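Visitor: Could you walk me through this one? I'd like to know the reasons behind the labels.

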Amino acid sequence: MNRYDRQIRLTGFGPEKQELLRNAAILVVGAGGLGVPVLQYLTAMGAGRIGIAEEDTVSITNLQRQVLYNTADEGRPKLQTAIERLQQLNPEVAFIPHNSFLNTSNALEIIAQYDVVIDCSDNFGTRYLINDACVILGKPFVSGAIFQYEGQVSVFNYNGSATYRCLFPEPGDAPDCNAIGVLGVLPGIIGSYQASEAVKVICGIGEPLANQLLTINILDNTHQVFSFQTDPANHNITQLRETYGDQACDPVLMQFLNVKELNRWLEEGRDFQLIDVREKEEWDICRIEGALHIPMRRIDASIPGLSKETPVAVICHHGMRSKAVAEHLLKSGFQQVYNVTGGIHAWAEEIDDTMQMY
């Protein structure tokens with residue numbers, strides 16, 4: 001028990017609570033910004049079984065906040081990489097891999113295996129899916145979310161407490177950190193709070209954030225707790241919906257690539273498809289050698305000639321048209337799609353200052 005000596009010494013914790021933690025089965029949905037600190041602390045503290053639902057790969061853009069991974073891990077599956085590192089941290093913990101994002105076909109089967117769910121996802125669809133599945137199965141779950149410099153934490157469906165739908169009846173519309181950015185420490189702070197709430201629920205200590213929403217703003221150091229009421233109607237869910245919105249449980253998420261990373265990919269001779277979606281007049285002025293020229297309006301007609309298994313990087317002038325095309329390719333079944341941020345304009349400024357711009 002030397003490993004857990006410092007928490008066993010705590011008044012109100014002791015060997016009995018440590019045993020509850022050791023016997024617990026916890027599902028962590030997502031091994032990204034929020035999931036990493038959750039996984040690290042629950043592993044270090046001696047949770048018995050930890051399930052991880054994740055299908056993404058490590059990107060360089062993850063590393064300023066997802067500190068479980070390193071530069072050499074780029075392109076590796078997060079699930080496999082996370083488990084390797086966590087086993088080194090504490091070999092006493094059993095890890096159950098779920099190499100898939102949660103969706104309507106697997107959520108009930110996966111969640112049924114666990115005592116507590118920790119939602120570390122980054123889209124509204126998955127959050128509502130987790131909520132509904134937990135209500136059906138009678139499982140509590142810990143929710144965390146981040147937006148720019150602010151994060152929030154709450155515990156739902158705990159001993160009859162409010163559900164996620166009691167606080168947020170309908171999905172909102174907020175971009176994820178890929179689109180708006182995030183300060184690296186923020187998900188570490190919020191994820192640590194999520195791990196703390198999970199331990200409180202499992203061990204029966206303290207006051208979990210049931211019927212309460214904790215918000216933290218790291219710019220002005222404000223911590224606020226808002227109370228809200230349960231709506232009994234939201235406890236009457238008996239089956240999952242057929243869909244949870246455009247973002248729901250999408251097994252593939254758009255990724256972002258800056259021009260320096262794109263240049264490195266080209267220099268290394270990586271196997272990927274670089275698609276320039278500008279118009280012919282723009283293409284004639286300047287282009288990146290080796291790029292495929294497919295104007296945005298001709299993407300649909302060109303899809304049959306592209307490989308859905310080979311990564312795709314999409315570029316335009318500044319990055320707006322390419323973002324729309326990247327989203328369309330994801331919906332069309334492409335597995336790895338990257339939007340080149342800053343577009344050809346950033347390429348001319350940062351990579352090739354001889355390129356004629358317009």
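Guide: Sure, let's take the labels in turn, keeping in mind that this is a predicted model.

Visitor: What makes D56 and K78 a salt bridge?

Guide: The closest N and O atoms of D56 and K78 are 3.6 Å apart. The cut-off is 4 Å between a Lys or Arg side-chain nitrogen and an Asp or Glu carboxyl oxygen, so the pair gets the name. D56 sits in the loop between β2 (49–53) and α4 (78–89), while K78 is in helix α4, so the bridge ties together parts that are 22 residues apart in sequence.

Visitor: Why can such side chains pair up in the first place?

Guide: Side chains of opposite charge can pair when their charged atoms come close.

Visitor: Why is K78 called buried?

Guide: Buried means under 20% relative accessible area, and K78 has 3%, so the word fits. D56 has 21%, which is not under 20% and not over 50%, so D56 counts as partly exposed.

Visitor: How many salt bridges are there in the whole structure?

Guide: A search of the whole structure finds 20.

Visitor: How do you know that R76 belongs to a network?

Guide: Start with its partners. R76 forms a salt bridge with D73, with the closest N and O atoms 3.6 Å apart, and a salt bridge with E84, at 3.1 Å. Bridges that share partners join D73, R76, E84 and R85 into one network.

Visitor: Which of D73 and E84 is buried, and which is partly exposed?

Guide: D73 is buried, because its 3% is under 20%. E84 has 33%, which lies between 20% and 50%, so E84 is partly exposed. R76 is partly exposed too, with 23%.

Visitor: Why is the pair of F141 and F156 called tilted?

Guide: Their ring centres are 5.4 Å apart, within the 6.5 Å cut-off, so they count as a pair. Planes under 30 degrees apart would be stacked and over 60 edge-to-face; theirs are at 35°, so the pair is tilted. F141 is in strand β5 (residues 141–147) and F156 in strand β6 (residues 150–156), 15 residues apart. F141 is buried at 0% relative accessibility, and F156 is buried at 1%.

Visitor: What makes Y164 and F168 a tilted pair?

Guide: The rings of Y164 and F168 are 5.2 Å apart centre to centre, with 50° between the planes. That angle is neither under 30 nor over 60 degrees, so tilted is the right word. Y164 is buried at 3%, whereas F168 is partly exposed at 25%.

Visitor: Which residues form the aromatic cluster?

Guide: Y128, F141, F156, Y164, F168 and F228 form one cluster. The structure holds 7 aromatic pairs.

Visitor: What makes the side chain of N339 a polar partner of G319?

Guide: The side chain of N339 reaches the backbone oxygen of G319 at 3.3 Å. The cut-off is 3.5 Å, so this is a polar contact. N339 lies in strand β13 (residues 337–340), and N339 is buried, with 3% relative accessibility.

Visitor: And Y338, buried or exposed?

Guide: Buried, because 7% is under 20%. Y338 is also in strand β13, and its side chain makes a polar contact with the side chain of Q336, at 3.4 Å. Setting aside neighbours within four places in sequence, Y338 is in contact with residues including W265 and P311.

Definitions and conventions:
Residues numbered from 1 in each chain as written. Predicted model: local features only at pLDDT ≥ 70, side-chain atom pairs only at ≥ 80, totals over all residues. Heavy atoms only, no water. Helix = DSSP H or I, 4+ residues; strand = E, 2+ residues; numbered from the N terminus. Buried < 20%, exposed > 50% of the residue type's maximum accessible area, 1.4 Å probe, protein only. Polar contact = N/O pair within 3.5 Å; in protein donor to acceptor, adjacent residues only side chain to side chain. Contact = heavy atoms within 4.5 Å. Phe/Tyr/Trp six-rings, centres within 6.5 Å; stacked < 30°, edge-to-face > 60°.
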